[in-house]
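Here is a short tour for anyone who likes to read a fold piece by piece. Have the coordinates open and follow along.

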Amino acid sequence: MNHRFIISLENNLMRGDNCATLLRTNPRAVLGPKYDRGKRYAICHHPETTASLLLAVEESLVKVTEDVLKTVQLKPGRVCCGLFAMLEHAILSIFRASSGGTPPDFVLIAACEGSLAVLVQQEGQWRDIRCRSGLGPEAVETALQIISPLLAKVPQGSPVYFVGDGHDSKFRTELMLHLEKVGAADLTQDDLLWTIIGEH
């Protein structure tokens, strides 16, 4: 699901091995006053700081999706926000590729099925995230209007990463033509989202 979601930057949220499980079963225990009844959550922690990305999705949207799948005799095993899953995967990939330390400044751009997220890290801290859903395959200019101001926040020459899935190849090709001008690395792989879902 890549619509009707909110991804926010949070600090000092509960961490630990059972955090993801607890977030599914008792989100109030993890989120405290940030908890909002009627939402489902997912979390991705910064590997080196106290910052976290928090995904909130309407519970009713998840239920409707599950019910629709059941009416056509499909048993849903996992309903996820592909954009958030790809963001988390790319963050961990960047961290692992950097020998245990991420670059102090970088921009990560993720695109999935009509949704776009741009995460900015400055001086080792996540500073900004912008998300937009409902982008069609012709929306390269709209995507660039979201990306460009965030690229300006990091020093010239800082790493820029792109990961995408589910868009038609024309969108990715046209967007990468612009991103290559700032040295963007394309982390996209075939069937990446299916691979991520299979691993988790």
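The report below moves from the sheet to the helices, then to the cores, the cysteines and one loop proline. Please keep in mind that this is a predicted model.

**The sheet**

Let us begin with the strands. Five of them make up an open sheet, ordered β6-β5-β4-β7-β8, with mixed pairing. At its edges lie β6 and β8 (185–186), each of which pairs on one side only. Further in, seven bridges join β4 and β5, and these two strands run in the antiparallel sense. If you want a single pair to look at, V107 has V120 in β5 as its bridge partner. As general background, the strands of a sheet pair through backbone hydrogen bonds, in either a parallel or an antiparallel way.

**Two helices with a buried side**

Helix α5 covers residues 140–151, twelve in number. From its first C-alpha to its last it reaches 16 Å, close to the 16 Å expected at 1.5 Å a residue. Which residues of α5 are buried? They are V140, A143, L144, I146, I147, L150 and L151. Viewed down the axis of α5, these buried residues fall within an arc of 165°, so they line one face of the helix. The general rule behind such a pattern is that an α-helix has 3.6 residues a turn, so residues three or four places apart point the same way. On the other side of α5, E141 and Q145 are exposed. The buried residues of α5 pack against four strands, β4 (106–112), β5 (115–122), β6 (125–132) and β7 (160–165), and against helix α6 (169–179).

Helix α7 (residues 192–199) can be read in a similar way. Its buried residues are L192, L193 and I196. Their arc around the axis is only 95°, which puts them on the same side of α7. The face turned away from that buried side carries W194 and G198, both exposed. Among the elements that cover the buried residues of α7 are α4, β4 and β7.

**The nonpolar cores**

The largest nonpolar core has 31 residues, and the members that touch the most others are I7, L53, L83, L87, L108 and W126. Helix α4 gives the most to this core, with eight residues. I7 is a good place to centre the view: leaving aside neighbours within four places in sequence, I7 is in contact with L53, L54, L55, L83, F84, L87, I129 and C131. A second, separate core holds 23 residues, including L144, L150, L151 and A184.

**Cysteines**

How many disulfides does the structure hold? The count is zero. The table takes two of the cysteines and gives the closest cysteine sulfur for each.

| Cysteine | Closest cysteine sulfur | Sulfur distance | Relative accessibility |
|---|---|---|---|
| C44 | C19 | 11 Å | 3%, buried |
| C131 | C81 | 8.2 Å | 32%, partly exposed |

A disulfide needs the two sulfur atoms within 2.5 Å. The 11 Å from C44 to C19 is therefore too far for a bond, and so is the 8.2 Å from C131 to C81.

**A loop proline**

Finally, look at P76, in the loop between α3 (59–71) and α4 (82–97). P76 counts as partly exposed, at 23% relative accessibility. Not counting residues up to four places away in sequence, P76 touches E66, L69 and K70. The C-alpha atoms of P76 and S93 are separated by 28 Å, with these positions 17 residues apart along the chain.

Terms used
Residues are numbered from 1 along each chain as its sequence is written. This is a predicted model: local features need pLDDT of at least 70, side-chain atom pairs count only at pLDDT 80 or more; totals for chains, interfaces and linings use all residues. Side-chain values use heavy atoms; hydrogens and water are left out. Buried means under 20% relative accessible area, exposed over 50%, partly exposed in between (1.4 Å probe, protein chains only). Contact means heavy atoms within 4.5 Å. The expected span of a helix is 1.5 Å times one less than its number of residues. The arc is that of the directions from the helix axis to the C-beta atoms. A nonpolar core is a set of buried Ala, Val, Leu, Ile, Met, Phe, Trp, Tyr and Cys residues joined through side-chain atoms within 4.5 Å. Two strands pair if DSSP finds at least two bridges between them.
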